[in-house]
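Here is a friendly briefing to read alongside the structure. Have the viewer open, and follow the topics in whichever order suits you.

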Amino acid sequence: MLRDFSLYLGFSLWRLLPTLALLTPVYAAGRIVFAACLRRRGMATSVAREALLVLLAAYSLLVLSKTIDLYALRLDTLTNDISLVPFRQIRTILGTNRLSYILLNLAGNTLLFAPQGLMLPLLWKGFRSPWRVILVCLLGSIFIETMQLFCMRTTDIDDVMMNALGGAIGYALWAIGRRVLPALSSFFLPRPRKQR
């Protein structure tokens, strides 16, 4: 199962290369402009912050590429596979009694937004509220599920609930980490620039 997952991840990253080639210069230009704005305000960014921002952007792009199939995107056709009844799909998945299928679907959907839930409060003080993090994860999940209407994929309220739960789990990990390592609270934030 681990071998299959590594092949799947490798293929996913391979499919992302053209998108990365297009978006990397845009991202780099945006970060240069942002760093100049910080400098004007007497603040500076750090290598650790920039690395975490790149990781957040890359992971978010990977999530979007795996959940929204741009090759199947059709704005003139909507899927008819919509489930708005909470817990229906979860019960169906649990009823299969296939552990790998259960883990892939339930744990995968739950943990999908956990990295965002962890990284958002690390990077921005404005996301130090669990409700803001959960709201961003909820809106991100609703965006994905709405786009899946046009990709001939299943649109499911259970996915939205599990994704929001994953964001909350990520936030909880940040909150625990902040208590264990208080320096973590400000490590990735912009700092006042050192005067020369």
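Ser185 sits in helix α8, which spans residues 184–187. Please keep in mind that this is a predicted model. The points below start at that serine and then move on to helices α4, α5 and α7, with some aromatic pairs and a surface patch along the way.

**Ser185 in helix α8**

- Ser185 counts as buried because its relative accessible area is 17%, and the cut-off for buried is under 20%.
- Which residues does Ser185 contact, leaving aside its neighbours within four places in sequence? They are Arg128 and Arg178.

**Helix α4 and its two sides**

- Helix α4 runs over residues 99–111, and its buried residues are Ile102, Asn105, Leu106, Asn109 and Thr110.
- These buried residues lie on the same side of α4, because the arc they cover around the axis is only 110°.
- Leu99 and Leu104, by contrast, are exposed on the other side of α4.
- If you would like to see what lies over the buried residues of α4, the cover includes α3 (88–94), α5 (114–123) and α7.

**A closer look at Asn109**

- Asn109 belongs to helix α4.
- Its relative accessible area is 17%, so Asn109 is buried.
- With neighbours within four places in sequence set aside, Asn109 makes contact with Leu104, Asp159, Met162 and Asn163.
- Among these contacts of Asn109 is Leu104, one of the residues exposed on the other side of α4.

**Helix α5, enclosed by its surroundings**

- Why can α5 be called largely enclosed by the rest of the structure? The reason is that 8 of its 10 residues are buried.
- Those buried residues of α5 are Ala114, Gln116, Gly117, Met119, Leu120, Pro121, Leu122 and Leu123.
- The elements they pack against are α2 (47–67), α4, α6 (130–148), α7 and α8.
- Helix α4 therefore turns up from both directions: α5 is part of what covers the buried residues of α4, and the buried residues of α5 pack against α4, with buried meaning under 20% relative accessible area in each case.

**Aromatic pairs**

- How many aromatic pairs does a search of the whole structure find? There are 3, and two examples follow.
- The ring centres of Tyr171 and Trp174 are 5.3 Å apart with their planes at 45°, so this pair is tilted.
- Helix α7 holds both Tyr171 and Trp174, which are 3 residues apart, or about one turn of the helix.
- Tyr171 and Trp174 are both buried.
- Phe187 and Phe188 form an edge-to-face pair, because their planes stand at 90° with the ring centres 4.9 Å apart.
- Phe187 is partly exposed, with a relative accessible area of 41%, whereas Phe188 counts as buried at 14%.

**A nonpolar patch on the surface**

- Leu111, Leu165, Ile169 and Leu173 make up a nonpolar surface patch of about 350 Å².
- Which helix gives the largest share of this nonpolar patch? Helix α7 (residues 157–180) does, with 3 residues.
- Leu173, a member of the patch, is found in helix α7.
- With a relative accessible area of 48%, Leu173 is partly exposed.
- Helix α7 thus offers two views: Leu173 is partly exposed at 48%, while Tyr171 and Trp174 are buried, taking buried as under 20% relative accessible area.

Methods
Residues numbered from 1 in each chain as written. Predicted model: local features only at pLDDT ≥ 70, side-chain atom pairs only at ≥ 80, totals over all residues. Heavy atoms only, no water. Patch = residues over 30% accessible without salt bridge, like charges linked within 9 Å, V, L, I, M, F, W, Y side chains within 5 Å. Areas by Shrake-Rupley, 256 points an atom, 1.4 Å probe, with all protein chains shown as cover. Salt bridge = Lys/Arg side-chain N within 4 Å of Asp/Glu carboxyl O. Helix = DSSP H or I, 4+ residues; strand = E, 2+ residues; numbered from the N terminus. Buried < 20%, exposed > 50% of the residue type's maximum accessible area, 1.4 Å probe, protein only. Contact = heavy atoms within 4.5 Å. Arc of directions from axis to C-beta. Phe/Tyr/Trp six-rings, centres within 6.5 Å; stacked < 30°, edge-to-face > 60°.
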